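The following exercises concern helix packing, backbone geometry and overall dimensions. Please work through each one before reading its solution.

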Amino acid sequence: MSMLRRLVDRVWPPRWLYATYESQLAAALDADELPRHVAVLADGNRRWARLNAPGKPLVAGYRAGAAKLLEFVEWCDELRIPVVTLWVLSTDNLDRSSRDELAPLLDVIADLVKQLAATGRWRVQAVGALDLLPPACAEELREAAASTETLDGMHVNVAVSYGGRHELRDAVRSLLAERAEAGEGLDEVARTLEIDEISEHLYTKGQPDPDLIIRTSGEQRLSGFLLWQSAHSEFYFCEALWPDFRRVDFLRALRSYSQRERRFGR
């Protein structure tokens, strides 16, 4: 994008017109048609850093992305959406990222989870293979989440060290261990296993599956996000890099969702 185009985008539309349009979008939404669970792949933080903070460490993009996640959670709370899932770090990222890049990112994620918990308003849960993280980081996440266990507000999942295949592996392991403890053999488990039993061992057990999954930065794939839970989800792909994602973009996603006929595979 040219410098001139980026300058124009910053000043147009004028704030009053933008605010009017945003208000109209919000007013047109029917509360009964809003999703119960919104999940977001907050993609594009590194690209945003390269465009907006050239020459600076990529952590600038991670910080901008974390600030936007806090805003996003507030937007969801304003609309009384019961469950939100934020994917901030995949198991693939753990393998691909250099140590110098990963350490600052983990610090940003830990601060994000602690800020969410410190509001005292939301039930925060870190979901993922936390055992793959540095022990000190994993403990920070667990402690922050544990401090919100008695809260009744919106449920905020922060998917850290998350991979859909890892989640299914962990669910099957947990299920088999539970059945073995009950004295059942593999033959019996194989014969009697039901779909709902696997759901009860997912990281998000007890929660509704996501109705709407949003991905930013123009990528149009799930990359393994909520593999099991997304069987009947609606998807919304947005061109904006995550730190540039606006409330009006979210309202457009909700409008698109409310206009769709959901058939749940029927």
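**Exercise 1.** Determine how α4 and α6 are oriented to each other.

*Solution.* Step 1: in this predicted model, helix α4 (residues 59-78) and helix α6 (residues 99-118) pack at an angle of about 20 degrees, and their axes are 10 Å apart. Axes are lines fitted to C-alpha atoms, for helices over the stretch in contact, with angles from 0 to 180 degrees between N-to-C directions. Helices (H or I, at least four residues) and strands (E, at least two) are DSSP runs, numbered from the N terminus.

Step 2: angles under 35 degrees count as roughly parallel; α4 and α6 are therefore roughly parallel to each other.

Step 3: the contact (heavy atoms within 4.5 Å) involves Val59, Tyr62, Arg63, Ala66, Leu69, Leu70 and Val73 of α4, together with Glu101, Pro104, Leu105, Val108, Leu112, Gln115 and Leu116 of α6. By class, this contact has eleven nonpolar, one polar and two charged residues. Here Ala, Val, Leu, Ile, Met, Phe, Trp, Tyr, Cys and Pro count as nonpolar, Asp, Glu, Lys and Arg as charged, and the others, Gly among them, as polar.

Conventions: residues are numbered from 1 along each chain as its sequence is written, and side-chain values use heavy atoms, with hydrogens and water left out. As the model is predicted, local features need pLDDT of at least 70 and side-chain atom pairs count only at pLDDT 80 or more, whereas totals for chains, interfaces and linings use all residues.

**Exercise 2.** Locate Ser161 and Leu226, and decide whether Ser161 is buried or exposed.

*Solution.* Step 1: Ser161 is in the loop between β4 (155-159) and α8 (164-181), while Leu226 is in the loop between β5 (212-215) and β6.

Step 2: most residues other than glycine have a negative phi. Ser161 has a positive phi of about 50 degrees, and Leu226 also has a positive phi of about 50 degrees.

Step 3: buried means under 20% relative accessible area, exposed over 50%, and partly exposed in between (1.4 Å probe, protein chains only). Ser161, at 0%, is therefore buried, and Leu226, at 3%, counts as buried.

**Exercise 3.** What radius of gyration does the protein chain have, and what would a compact globule have?

*Solution.* Step 1: the radius is taken over C-alpha atoms, and the globule rule is 2.2 Å times the number of residues to the power 0.38.

Step 2: with 266 residues, a compact globule would have a radius of gyration near 18 Å; the chain has 20 Å, which agrees.

Definitions and conventions
Parallel < 35°, antiparallel > 145°, perpendicular 65-115°, else oblique.
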